[in-house]
Each structure stands twice: as structure tokens, then as C-alpha cells.
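Reader: I should be grateful for a close look at one part of this model, namely the packing of one pair of helices. Please then place that part in its wider setting.

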Amino acid sequence: MHEETVYDALDTAHGGEGQWAFGTGFDDPLAGVDTTVPDGVEPADLGAYCLMLGDDALVLCQRLTEWATRAPELEEEVAIANCGLDLLGQARLLLARAGSAGVLGRSRRHATDSIPDEDALAYFRDPDEFVHHHLVEADGGDFAQTMVRLLVASTFRLALFAQLRESRDPVLSAIAAKGVPELTYHRDHAARWVLRLGDGTSESHRRAQAGVEAVWPLLADLFTATEVETRLTAAGVAVDPAGVREEVRGVLTTVLERATLTVPAWPAERPSPGRAGEHTGELAPLLATLQGLAREHPAATW
Amino acid sequence: MSTVVTDPRDVAETVTDPELPMLTLADLGVLREVRTADDGTVVVTITPTYSGCPAMGVMRADLVHALHRAGFADVDVRTVLSPPWSTDWISEDGRRKLAEGGIAPPGHAPVRTAGPVPLSLGPTRRTASCPLCGSADTEELSEFSGTACKALRRCRTCREPFEHVKEI
């Protein structure tokens with residue numbers, strides 16, 4: 001009943017054409033899922049919101065994978081890669097949801113029709129079309145700073161996802177429910193590292209504190225709702241990020257204090273430039289790495 | 001072509017997981033439903049273990065291929081995301097096969113509640129007996145392992161490392 005290798009099985013399933021990877025669309029992540037947009041919800045808003053949540057995950061995944069072959073120990077490298085993989089899966093579902101709601105931006109200018117929506121969005125948008133927070137695009141710094149950023153990003157995302165489980169969009173609600181245990185695992189893993197580093201040697205403490213100082217200002221962008229988020233929150237689809245501020249602050253303060261780290265003053269909050277497509281100079285090189293292969297060989301099969 | 005009418009569920013239930021080949025998709029709880037639509041199409045519903053599970057495409061292809069070989073021409077494999085997969089869905093048979101394959105099966109999944117998820121800063125309290133020698137004296141080496149669904153542990157008695165399907 002079983003094929004010799006998985007490749008044989010895939011090959012046969014696709015009529016022996018040997019196309020099974022990038023751009024073949026054989027594996028629509030929402031295959032069979034009812035993607036009807038709920039009544040009273042503007043599809044463009046829903047798509048834009050899914051892009052925000054999807055880009056946060058996609059870009060943080062890319063930063064995490066930069067640790068491949070460079071982590072301090074093999075087990076931790078596997079851990080970081082696993083966190084990235086979970087985020088990539090969330091991004092894929094969310095970008096596919098954005099595509100199913102008709103939001104594709106200018107990605108189709110470059111992507112051929114055979115490329116599925118989520119790949120077109122990931123590989124063929126330009127930097128000004130990405131809508132993630134600066135928190136996730138900033139250079140990761142050293143291992144301590146990477147763990148502090150993962151702690152902050154996963155605490156914020158987990159708080160949002162825990163509430164999004166009640167979203168009126170059944171697809172978003174399902175993606176959130178699936179993401180909650182994953183994000184809990186990431187947050188608690190990062191928190192334990194911050195504890196170990198902060199309450200460790202003088203060198204690890206110094207590095208953890210420096211990581212906190214580097215990441216903390218980026219909290220400024222997270223809690224001001226965009227117009228899309230405000231409209232979708234009123235429609236019962238999105239979560240107002242202001243509503244998770246105290247939970248996020250509480251978790252971060254608890255971890256930092258337990259880690260004997262100094263909690264910096266809360267930064268002056270502002271609307272997120274990242275959500276408006278305004279990014280730092282660090283995004284273009286990150287996207288060049290992420291998108292290079294797909295843009296060089298848009299119909300690649302292997 | 002055989003004329004014996006086979007139940008498509010029986011066929012789908014023979015398909016194994018590409019990363020845990022000792023388990024069928026049914027053992028793993030990934031195979032949610034097999035039914036035959038009015039037009040004769042076999043509709044198979046599967047759910048991913050983790051959002052980023054890279055094996056979903058292979059599972060889908062394996063299911064389609066197995067059903068084609070059994071004579072079912074039209075097969076539609078659908079994904080369902082909700083309710084999210086839990087390790088509690090791994091069958092008793094599946095747990096036994098995991099242990100026989102050297103992988104410690106999961107304990108009970110944490111209870112899922114609405115509202116904020118409490119922070120857990122202490123050492124993970126998962127316990128798993130060594131699938132090789134049976135000793136309960138084991139320690140966690142890493143909360144992650146070669147696939148998204150496993151953690152890495154070591155037995156303090158026989159000293160062998162082993163993987164453990166982590167509870168979610």
C-alpha cells in the first residue's frame with residue numbers, strides 16, 4: 001500500500017509531473033475549510049488584519065531561523081527552529097486567509113498564477129507592503145536579546161490569540177485556538193531562558209539586561225489599534241491590542257523581576273509605523289534572504 | 001480492477017504518518033472523518049498536529065494515493081483546523097506502538113481554558129518512563145526535538161536518550 005518513498009507518492013499524486021514543492025499549490029493549507037467571510041465584515045478589513053498577524057509571525061520566523069547553525073548548543077538550535085516552524089505555520093494559514101478574503105496587494109504583479117496566495121504574499125510583496133511591527137524585524141542581537149524578544153513577541157501574540165479564539169470569523173478563531181498551545185510553549189521557553197540568563201553569571205546578566213534595553217522601546221508600537229483593528233474589534237472579529245496591554249505588562253514584569261533584571265520605564269506609546277508599511281532599513285536585507293530564491297526562480301520545482 | 005467493494009475508511013485507516021511510521025493517521029488522531037459523498041467522491045478530513053506541521057502535504061498525497069490504488073477514483077482530502085488536535089486523541093493502540101518504537105507516549109494534555117494563559121516559570125513537570133528500560137527516573141534534555149510534536153529526554157537508569165511526544 002505504501003510507496004517506496006514519500007517523493008514517489010507525491011509524484012504519483014501529481015500525475016507524475018515531478019512538481020511537488022514551491023508554487024504547485026498541491027497543499028492549500030485551508031483546503032476544504034469554509035472561507036466565507038462572516039456577515040457584516042468587510043473582506044478587505046479581514047484580509048488586512050490577517051496580513052498583520054501573519055507578517056508578525058513570518059518575519060519573526062525569519063529572524064529565528066538566522067540562528068540555524070549558530071545557536072549555543074544543538075538542543076537550543078532545534079528549539080529555536082521549532083518555534084520558527086510553528087510561527088511559519090501560523091503565518092501560512094493567516095496569509096492564506098488574507099488571500100481567500102481577496103487581499104493580495106501588489107504581489108500578483110510578480111507572481112505567476114500557479115503560485116498560491118500565501119506564497120505570492122510572502123515572496124512577492126515589497127517591503128512597504130509588509131505590515132508587521134518593528135519588534136519582529138529588528139536585528140536579533142545576541143542569544144540573550146533573541147530570548148528577550150521572543151519573550152515579548154510571544155507574550156503579546158499569545159494574549160491576542162487567547163482572545164481571538166472567540167473571534168466571529170471561524171477561520172481566524174480556529175487558527176488562534178491552534179496557535180495558543182504553541183505560543184504558550186514559546187513564551188514559557190523564552191521566559192525560562194530569561195530567568196536563567198538574568199539570574200545567572202554577571203556576564204549573562206549584563207547581556208540579558210542589554211537585551212531588555214534594546215527590545216523595550218519596541219513595545220511602544222504594540223498597543224494602539226489601527227483603523228482596521230478598531231472596525232474589526234467592533235464587529236467581533238479582531239482584538240483591540242490596548243486590551244492586552246496590562247496582561248503583557250504583568251507577564252513581562254513578573255519574568256524580569258524574577259530574573260533580577262531592571263524593568264525599564266514603559267515607553268511612550270505611538271501608532272505602529274510597521275502596521276502602516278513603514279519599516280527600518282533592516283527589513284530589505286531580511287526580505288532579500290527570504291524572497292531571493294522565489295523571485296529568481298518564480299516557477300521553480302524541485 | 002477488483003470488484004470487491006471496500007470501505008474507504010478501512011483503506012484510509014491503513015495510511016501511516018510520514019514522521020512516525022509506526023502509527024497510522026487514525027492512531028494519531030489526525031484522520032477525523034471518511035465519508036462517501038452522493039456523487040461517489042470519497043471525502044477524507046484530516047487535521048494538522050501543529051500549525052506548521054510540514055507533513056500535511058505528504059499525508060494528503062499518501063491518502064489520495066492509497067484510495068486510488070484501492071479503486072476510488074475521486075478523492076477529496078480536506079483540512080479541518082477546529083477543534084485543534086490534542087495528544088489526547090492518540091489512541092491506546094497508538095500509545096503502545098509509540099512505546100514499542102522507542103518513543104515515550106504523552107501523558108494527559110493540559111486542560112484548555114478560556115481567558116489568559118497562566119505563565120509557567122518552573123521546570124517542566126512532564127514525566128515519562130523510559131521506553132527502552134521502563135525506568136521512571138528520566139530527565140528532560142530539551143523541550144523540543146526533531147519534530148514539532150516531540151521533546152528530548154534521557155533515562156538516568158540506562159542512560160539512553162529518547163524522544164517523548166509532548167502533551168498539547
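Author: What follows begins with the helix pair, then turns to the chain contact, a loop residue and a sheet.

The model is a predicted one. The pair in question consists of helix 6 of chain A, residues 143-164, and helix 8 of chain A, residues 202-215. Two packed helices are described by the angle between their axes and the distance between the axes. Here the axes come within 8 Å and cross at roughly 45 degrees. Angles from 65 to 115 degrees count as roughly perpendicular and those under 35 degrees as roughly parallel; helix 6 of chain A is therefore oblique to helix 8 of chain A. The crossing of these two helices is right-handed.

On the side of helix 6 of chain A, the contact is made by A:Ala144, A:Gln145, A:Val148, A:Arg149 and A:Val152. Helix 8 of chain A contributes A:Ser204, A:Arg207, A:Ala208, A:Ala210, A:Gly211, A:Val212, A:Ala214 and A:Val215. Sorted by class, the residues of this contact comprise eight nonpolar, three polar and two charged.

The contact between the two chains draws on 46 residues from chain A and 37 residues from chain B. Helix 6 of chain A is among the helices that each supply at least two residues of the side of chain A that touches chain B. The others are helix 1 (6-13), helix 3 (74-100), helix 7 (170-198) and helix 10 (245-258) of chain A. Helix 7 of chain A provides the largest share of that side, 14 residues. By class, the side of chain A that touches chain B has 26 nonpolar, 10 polar and 10 charged residues.

Helix 3 of chain A also bounds a loop: A:Arg108 is found between helix 3 and helix 4 (117-124) of chain A. A residue counts as buried at 20 or more other C-beta atoms within 10 Å and as exposed at 12 or fewer; A:Arg108, with 15, is therefore partly exposed. From A:Arg108 to A:Asp139 the separation is 31 residues in sequence and 29 Å in space, C-alpha to C-alpha.

In chain B, four strands form an open sheet of mixed pairing, in the order 4-7-6-5. Its edges are strand 4 (103-104) and strand 5 (138-142) of chain B, each pairing on one side only. Strand 5 of chain B joins strand 6 of chain B, residues 150-155, in the antiparallel sense over four bridges. The bridge partner of B:Thr138 in strand 6 of chain B is B:Cys155.

Definitions and conventions. Residues numbered from 1 in each chain as written. Chains lettered and ligands numbered in written order. Predicted model: local features only at pLDDT ≥ 70, side-chain atom pairs only at ≥ 80, totals over all residues. Pairing = 2+ DSSP bridges. Axes fitted to C-alpha atoms, helices over the stretch in contact; angles between N-to-C directions. Parallel < 35°, antiparallel > 145°, perpendicular 65-115°, else oblique. Left-handed = near helix turned anticlockwise from the far one by under 90°. Contact = placed C-beta atoms within 7 Å. Nonpolar A, V, L, I, M, F, W, Y, C, P; charged D, E, K, R; others polar.
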